[in-house]
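Welcome! Take a moment to look over the sequence and the model shown here, and then use the notes that follow as a guide.

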Amino acid sequence: MIILPDFHEISFANDNEARREMLTLPPAARQRMVENLLYRYPRFNQTFARLQKLHRPGPQGAPIVGQIAGFLGNSRAGKSFMLKTLLRENKPYRLDDSSGYVFPMAYIPVMERWGAPDVASALFLATGASSVPYIGGKSLEAKCVRRVATHGTPLVVFDDSHYIFSAPPAKRRSILSLIKALADSGSCSVWLSGLYTVEASMLNEAQHLNRGSFPTVHLLEHNMSIADEIDDYLGFLIGVSNRLPFAEDSVLDREEWQTEWRLAANGSVGLTMNIVIDAARQAIFDGSPCIQGRHLREACFLRKRTGDLTYPFEKAA
């Protein structure tokens, strides 16, 4: 079973009591707050609402089963964090003390060169198995179908699913056969989350495409050539700043840094957080009251590539 972090969503803006309490925490705890920081910016909320409707038509609706759907975006767009947020909202539960756990959602991060036995083992672990013997042979698909049916799992999500389509042919066919068996069982739907290449790959798989015609939710980065999207991205920086565990506001959206953020992340929230998290770690452990320019400069310097003559935040004080 995936062990999820405790997301940190508390804003310290205009909440001095929460800020004072946070500052009593040890540095390692504050570091974890940064690493697990979740700010539900407008695009997050819009996309998350679409995912929820892809799962069930409304709060009182039954889960949608029997289809294969997609959740696509560029690397570091924020898909995995969003899926883990959905998983946290669909935690395992027990109907009563005498019953076993129900697993409303199985989240499976796919690895390169996996075959169906690897996926089967991951599915069992995602639905509460403490250990899994090798699962293979002709009964593999039946065992997986039975597993989701008996554990009340109407949603099976394969993250980084582009690895399925780049696997060796025999392994790829074995996983696709398992995915079709899961969808055809009527016990669950299967989501394929990953890069945009997944959509092109699905167009070549008519039997899978026809299981719902592959309805897809897209998660886009902010387009930094559009004024409204720049404003939305700056709003994201403000929301992150409000949640950083420091004595003072880091003001990540300050005017003199805006061009540097464009160079460093170009509107990608994931690439932005790569820099913010690294800079925040430095700031916490050198006792700074907030993230300062030198922390961002060092974080970007560490990501300077061979041959680069300059890098973002190079001149930040």
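**Strands and cysteines at a glance**

Strand β1 and strand β7 (residues 216–219) lie parallel and are paired through four bridges. Please keep in mind that this is a predicted model. The notes begin with β1 and its partners, go on to another strand, and end with the cysteines.

**Strand β1 and its partners**

- Strand β1 covers residues 68–73, and because six of its six residues are buried, the strand is largely enclosed by the rest of the structure.
- In a regular strand, side chains alternate between the two faces of the sheet.
- Here, I68, G70 and L72 point one way from β1, while A69, F71 and G73 point the other way; all are buried.
- G70 is a good place to look for the pairing with β7, since there it stands opposite T216.
- β1 also runs parallel to strand β6 (residues 189–194), and five bridges join the two.
- To find this pairing in the model, look for L72, which stands opposite G194 in β6.

**Strand β5 and its partners**

- Strand β5 spans residues 155–159 and is mostly covered, with five of its five residues buried.
- L155, V157 and D159 point one way from β5, and V156 and F158 point the other way; all of them are buried.
- Strand β4 (residues 105–109) runs parallel to β5 and is joined to β5 by five bridges.
- Within that pairing, A106 stands opposite V156 of β5.
- β5 pairs with β6 as well, again in the parallel sense, over four bridges.
- L155 has S189 as its bridge partner in β6.

**Cysteines**

- How many disulfides does a search of the whole structure find? The search finds zero.
- Why does C144 form no such bond? The closest cysteine sulfur to that of C144 belongs to C188 and is 9.9 Å away, which is too far for a bond; a disulfide needs the two sulfur atoms within 2.5 Å.
- Seen from C188, the closest cysteine sulfur is that of C144, at 9.9 Å, so this is too far for a bond.
- Is C144 buried or exposed? C144 is buried, as its relative accessible area is 0%.
- C188 also counts as buried, at 0% relative accessibility.

Notes: Residues numbered from 1 in each chain as written. Predicted model: local features only at pLDDT ≥ 70, side-chain atom pairs only at ≥ 80, totals over all residues. Heavy atoms only, no water. Buried < 20%, exposed > 50% of the residue type's maximum accessible area, 1.4 Å probe, protein only. Pairing = 2+ DSSP bridges.
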